[in-house]
Amino acid sequence: MTLQTAVTQGADLLAASGTPEPRLTAELLLCHAVHCERTYLYAHPEQELREVEWIHYGRWLHERMQGKPLQYITRTQEFYGRPFRVSPSVLIPRPETEHVIEAAIAHRQGAAAAQH
């Protein structure tokens, strides 16, 4: 099976299960299985998956269709420009929390400017 076919089939399965953003999720899971960046999928759509990659990809698609968060499958979540390792024993950093950090930085810079 090629990378392009794997993405298409994975996205179809995820869409049928009601998973949000099925195409992006399929791409990210396939990248995790192949150990590559998303651009690689588009640059090499004809590449054949190795059996071990296909097995991992299929298992992770199934886990995601069952509702397991993508971040727990890939074990990573980017937060404030940095990758963090996550597992079911930790909370997944939410994008909205980055706004709290930005507000705290702005508040601190405002307080520092007021002192000068």
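Axes are lines fitted to C-alpha atoms, for helices over the stretch in contact, and their angles run from 0 to 180 degrees between N-to-C directions. Helices (H or I, at least four residues) are DSSP runs numbered from the N terminus. The model is predicted, with local features requiring pLDDT of at least 70 and side-chain atom pairs counting only at pLDDT 80 or more, while totals for chains, interfaces and linings use all residues. Residues are numbered from 1 along each chain as its sequence is written, and side-chain values use heavy atoms, with hydrogens and water left out.

**Exercise 1.** Determine how the axes of H1 and H4 are arranged and which residues meet.

*Solution.*
1. The axes of helix H1 (residues 3-16) and H4 come within 10 Å and cross at roughly 20°.
2. Angles under 35 degrees count as roughly parallel, over 145 as roughly antiparallel, 65 to 115 as roughly perpendicular and the rest as oblique; H1 and H4 are therefore roughly parallel to each other.
3. Contact means heavy atoms within 4.5 Å. On the H1 side, Ala6, Val7, Gln9, Gly10, Leu13 and Leu14 meet Trp54, Tyr57, Leu61, Arg64 and Met65 of H4.
4. The residues of this contact comprise 8 nonpolar, 2 polar and 1 charged, where Ala, Val, Leu, Ile, Met, Phe, Trp, Tyr, Cys and Pro count as nonpolar, Asp, Glu, Lys and Arg as charged, and the others, Gly among them, as polar.

**Exercise 2.** Describe the axes of H2 and H4 and the residues that meet.

*Solution.*
1. Helix H2 (residues 22-34) and helix H4 (residues 51-65) have axes that come within 9 Å and cross at roughly 140°.
2. Thr25, Ala26, Leu29, Leu30, His32, Ala33 and Val34 of H2 meet Glu53, His56, Tyr57, Trp60, Leu61 and Arg64 of H4.
3. The contact of H2 with H4 divides into 8 nonpolar, 3 polar and 2 charged residues.

**Exercise 3.** Classify the aromatic pairs and the burial of their residues.

*Solution.*
1. Rings of Phe, Tyr and Trp (its six-membered ring) pair if their centres lie within 6.5 Å; planes under 30 degrees apart count as stacked, over 60 as edge-to-face and the rest as tilted. The count comes to 2 aromatic pairs.
2. Trp54 and Tyr57 form a tilted pair, 6.0 Å centre to centre with 50° between the planes. Both lie in helix H4, 3 residues apart.
3. Buried means under 20% relative accessible area, exposed over 50%, partly exposed in between (1.4 Å probe, protein chains only). Trp54 is partly exposed at 37%, whereas Tyr57 is buried at 0%.
4. The ring centres of Phe79 and Phe84 are 6.2 Å apart with planes at 70°, so this pair is edge-to-face. Phe79 is buried at 14%, and Phe84 is partly exposed at 37%.

How values were computed. Helix = DSSP H or I, 4+ residues; strand = E, 2+ residues; numbered from the N terminus.
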